[in-house]
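Biologist: Please take a close look at the polar and charged side-chain contacts in this structure, and set them beside the surroundings in which they occur. A connected account would serve better than a list.

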Amino acid sequence: MAKNEEKKGKGKKILIFILIACVIAFFLLGCGYIYFEYSRLSYLNLNFQNSWRSYIAYLTDHIPGLDKLSKYEYLEISDPFYMEKEILEIRLKAIKDESQRLEEQKHELQKILDQISQENERLVKQREELERLNKEYNEKLTQFTDYNKRIATLGSWLAKSTPAQIASALVREEVSVDLLVDTMLTLEPKSAAEIIQAIAAINPQKAAEIIAKMGEKKTNGNK
């Protein structure tokens, strides 16, 4: 008998312990769920710390005589996900507008670069043309200077020579009329006349051509 009563007492204790454990577990689960809902509602911009005021306003709204003191209305709470979506759309639109603006600036800069490139090509061509003209000018100047030196040398030789002796060489075809005219213009008039007379004695035609050319050059020079 004692053993049965002892077993029953142990069974009651175990049952009471299980019940207490279940109550504690349900209590903890309930507290956890309440905290979960509290956190979720707080995320939706709800605050239980101020909810008692809304509750009192809700009660007075249904009590005769007190319903005029306050009026309870449900507040429309915006969806945070909707707000985040709106914010994201605004940001995406701003990024798209900025990208479009940068693309337009890129096109404008490309036009400017193309203009600069074309202008640079034109300047390069002008510089090449200027270099070419300068080279031709220097070549002509060198030739002219050299020609003048040779004319001056030839003139000094003719001035020191006897016209009758040098005339036979001057009438040859190798000596051009232009060369003789340019040389005569460097001589004293008397020396030039004597040489032309000596040439006329041998080749009157060439002497006439020399006189005609000298007249042309003097006329051009006077002009």
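Modeller: In this predicted model, the side chain of Asp-182 makes a polar contact with the side chain of Tyr-147, at 2.5 Å. Asp-182 belongs to helix H5, which runs over residues 177-184. Its relative accessible area is 18%, and since buried means under 20%, Asp-182 counts as buried. The acidic side chain in this contact is therefore a buried one.

The salt bridges offer a further view of the acidic side chains, and eight of them are counted in the model. One of these pairs Arg-150 with Asp-146, with 3.1 Å from N to O. Both residues lie in helix H3, four residues apart, so that about one helical turn separates them. The geometry of a helix bears on this spacing: an α-helix has 3.6 residues a turn, so residues three or four places apart point the same way. Side chains of opposite charge can then pair when their charged atoms come close. In contrast to the buried Asp-182, Asp-146 is partly exposed, at 40% relative accessible area, and Arg-150 is likewise partly exposed, at 45%.

Glu-119 and Arg-122 also form a salt bridge, in which the closest N and O atoms are 2.2 Å apart. These two residues share helix H3 (residues 80-160), with a separation of three residues, or about one turn. Glu-119 has a relative accessible area of 36%, which makes it partly exposed; Arg-122, at 39%, is partly exposed as well.

Glu-174 and Arg-172 form another salt bridge, with an N to O distance of 3.4 Å. Here the acidic partner is exposed: Glu-174 has a relative accessible area of 62%. Salt bridges with shared partners also link Glu-129, Arg-132 and Glu-136 into one network.

Nonpolar side chains are found at the surface too. Ile-16, Ile-20, Ile-24, Phe-27 and Leu-28 make up a nonpolar surface patch, whose accessible area together is about 520 Å². Ile-16, one of its members, is located in helix H1 (residues 2-43). Its relative accessible area of 47% places Ile-16 among the partly exposed residues.

Helix H6 (residues 189-202) shows how burial can be arranged around a helix. For its 14 residues, a rise of 1.5 Å a residue leads to an expected span of 20 Å, and the C-alpha atoms at its ends are 20 Å apart, in agreement. Its buried residues are Ala-192, Ile-195, Ile-196, Ala-198 and Ile-199. Viewed down the axis of H6, these buried residues fall within an arc of 160°, so they line one face of the helix. Pro-189, Lys-190, Gln-197 and Ala-201 are exposed on the other side of H6.

Ser-191 is also part of helix H6. With 23% relative accessibility, Ser-191 is partly exposed. Although Ser-191 and Pro-163 are 28 residues apart in sequence, their C-alpha atoms are 8.2 Å apart in space.

To return to the contacts themselves: Asp-182 meets Tyr-147 through a polar contact and is buried, whereas the acidic partners Asp-146 and Glu-119 are partly exposed, and Glu-174 is exposed.

Key: Residues are numbered from 1 along each chain as its sequence is written. This is a predicted model: local features need pLDDT of at least 70, side-chain atom pairs count only at pLDDT 80 or more; totals for chains, interfaces and linings use all residues. Side-chain values use heavy atoms; hydrogens and water are left out. A salt bridge is a side-chain nitrogen of Lys or Arg within 4 Å of a carboxyl oxygen of Asp or Glu. Buried means under 20% relative accessible area, exposed over 50%, partly exposed in between (1.4 Å probe, protein chains only). A polar contact is a pair of N or O atoms within 3.5 Å; within protein, one must be able to donate a hydrogen and the other to accept it, and residues adjacent in sequence count only if both atoms are side-chain atoms. Patches are made of residues with over 30% relative accessible area and no salt bridge: like charges are joined within 9 Å, nonpolar side chains (Val, Leu, Ile, Met, Phe, Trp, Tyr) within 5 Å. Accessible areas come from the Shrake-Rupley method with a 1.4 Å probe; for residues, only the protein chains shown count as cover. The expected span of a helix is 1.5 Å times one less than its number of residues. The arc is that of the directions from the helix axis to the C-beta atoms.
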